[in-house]
Amino acid sequence: MMLGLLLLLAVFASPVLAQTTTTITGAGATFPYPIYAKWFQNYQRHTPEVEFKYDAVGSETGIRRLLQNQVDFGGTDNPEILHQLSTHKDGEFLFFPTVVGAVVPIVNLPGFGDNVAFTPEALAGIYLGKITKWNDPVLVRANAGRHLPNLDIVVAHRSDGSGTTYAWSDYLSKTSTEWKTQMGAGLSPKWPVGREANGNDGVAKMVKEFGGAIGYVQFIYALQNHLSFGKVRNRNGEFVTASLESIAAAATNAMEPGSDFKVSIVDAPGVGSYPIASFTWFVVPARIADSARRGAMVDFLKWMLGPGQKQAAALGYLPLPNKLVGKETAAIGGIH
């Protein structure tokens, strides 16, 4: 009896060691959100003491939060975003490509089906408000032998500052002199026409709602929402549909990233290259004072470049080229 009482007292007297959870917060691009959500879920199973939270609010809002120290990392599809939003010094933040994706023109064209063919001139003309009907001669020429309806074009675009918009407008700037002169590449162009929607998901829903609509979204959103998306003429003059194979061709044929990993791969040369492909990046402070947060970020990035890459294709993203993975793994050492 006495022994049992002593054991009971010993149990209550022993300190209970609660496991501490380190929470890492991020915000930014909606482009990679499906793969990020999957990664964070799987990483927490692997490392339960670390939790990642990500707010998919668009590249501009996410990077502004990072610059204001409201989050631990940002997500963007625009390699020049820091120079556009701040006067930070080079080296204060590090860019880590996470996966390769693509932006596609999605359409809701009753009775026409998939694979509307778009030239850069057609896409620029539509978003400049110069092409307003689906049977415009510019579109008819690109879709020879197919009947395009006499239907008004309903233009949808992002309302938020967006890396997806940057990739879209970057492509148009590189392929259309008129677009480059009037609009240029940016997160939030001053759209001359169109209806606004928030995020990739918002644009996808808007296009699905309106007959005759066109918008642009990340490849995975078109797949998830069962939307038709067009093929786009590349630098070789081919009309190419987005697929893991054509995105891989673009990533392989594009200019190799420098040591800072900030490079646009839109309008890549080469046979079979899909022309609106893009890296998407984690933006991380080079200096993370808190050792627990620093350790968690470093460990996650290494995991992302290893097991995480194997999960990309199932969600419509392309894993990073092996050569780039090796360079990034070495660059993680720059976080201090």
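This passage describes the overall build, two helices, one enclosed cavity and several individual residues of a predicted protein model.

The model is predicted, so local features are reported only at pLDDT of at least 70 and side-chain atom pairs only at pLDDT 80 or more, while totals for chains, interfaces and linings use all residues. Residues are numbered from 1 along each chain as its sequence is written, and side-chain values use heavy atoms, with hydrogens and water left out.

The protein contains 13 helices and 12 strands; helices (H or I, at least four residues) and strands (E, at least two) are DSSP runs, numbered from the N terminus. Its C-alpha trace spans about 95 × 45 × 35 Å along the principal axes. Of the 336 residues, 54% are buried, where buried means under 20% relative accessible area, exposed means over 50%, and partly exposed lies in between (1.4 Å probe, protein chains only). The accessible surface comes to about 14800 Å², and 53% of this surface belongs to carbon and sulfur atoms. Accessible areas come from the Shrake-Rupley method with a 1.4 Å probe, and for residues only the protein chains shown count as cover. Among contacts (heavy atoms within 4.5 Å) between residues at least 6 apart in sequence, 74% join residues at least 24 apart.

Helix H13 (residues 322-331) is a good place to begin a closer look. Its buried residues are Leu-324, Val-325 and Glu-328. Seen down the helix axis, these buried residues fall within an arc of 100°, so they line one face of H13; the arc is that of the directions from the helix axis to the C-beta atoms. The face turned away from the buried side carries the exposed residues Asn-322, Lys-323 and Ala-330. On the buried side, the packing partners are strand S4 (93-108), strand S12 (277-285) and helix H12 (291-305).

The loop between H12 and H13 holds Gln-309. This glutamine is buried, with a relative accessible area of 6%. Leaving aside residues up to four places away in sequence, Gln-309 touches Trp-39, Thr-98, Val-99, Met-304, Pro-319 and Leu-320.

Strand S4 appears again as a partner of helix H9 (residues 199-209). The buried residues of H9 are Gly-199, Asn-200, Gly-202, Val-203, Ala-204, Met-206 and Val-207. Besides S4, they pack against strand S6 (154-158), H7, strand S7 (195-197), strand S8 (213-218) and helix H10 (219-224).

Turning to enclosed space, the structure holds one cavity of 30 Å³ or more. About 50 Å³ of space lies in the largest cavity. Of the 13 residues that line it, the closest to its centre are Asp-77, Pro-79, Ser-264, Val-266 and Ser-278. On a 1 Å grid over the protein atoms alone, a cavity is a set of points where a 1.4 Å probe fits but cannot get out, and lining residues have an atom within 4 Å of a point. Grid points are joined across faces, edges and corners, and a volume is the space filled by probe spheres set on the points. Helix H7 (163-175) and S12 each supply at least two residues of the lining, and S12 gives the most, with four residues. By residue class, the lining divides into nine nonpolar, two polar and two charged residues. Here Ala, Val, Leu, Ile, Met, Phe, Trp, Tyr, Cys and Pro count as nonpolar, Asp, Glu, Lys and Arg as charged, and the others, Gly among them, as polar.

Several loop residues complete the picture. In the loop between helix H11 (244-253) and S12 lies Asp-267, whose phi is near 55°, a positive value in a residue other than glycine. Asp-267 is buried, with a relative accessible area of 11%. The loop between H11 and S12 also contains Asp-260, which is partly exposed at 38% relative accessible area. Asp-260 and Asp-136 are 124 residues apart in sequence and 43 Å apart in space, C-alpha to C-alpha.

A positive phi, near 55°, is found for the non-glycine residue His-226 as well. His-226 sits in the loop between H10 and strand S9 (228-229) and is exposed, with a relative accessible area of 70%. Gly-111, in the loop between S4 and strand S5 (117-118), is exposed too, with a relative accessible area of 91%. The C-alpha atoms of Gly-111 and Pro-149 are separated by 8.9 Å, and the two residues are 38 residues apart along the chain.

Technical notes: 1 Å grid on protein atoms, 1.4 Å probe; cavity = no way out; pocket = protein on both sides within 12 Å on 5 of 7 lines; lining within 4 Å.
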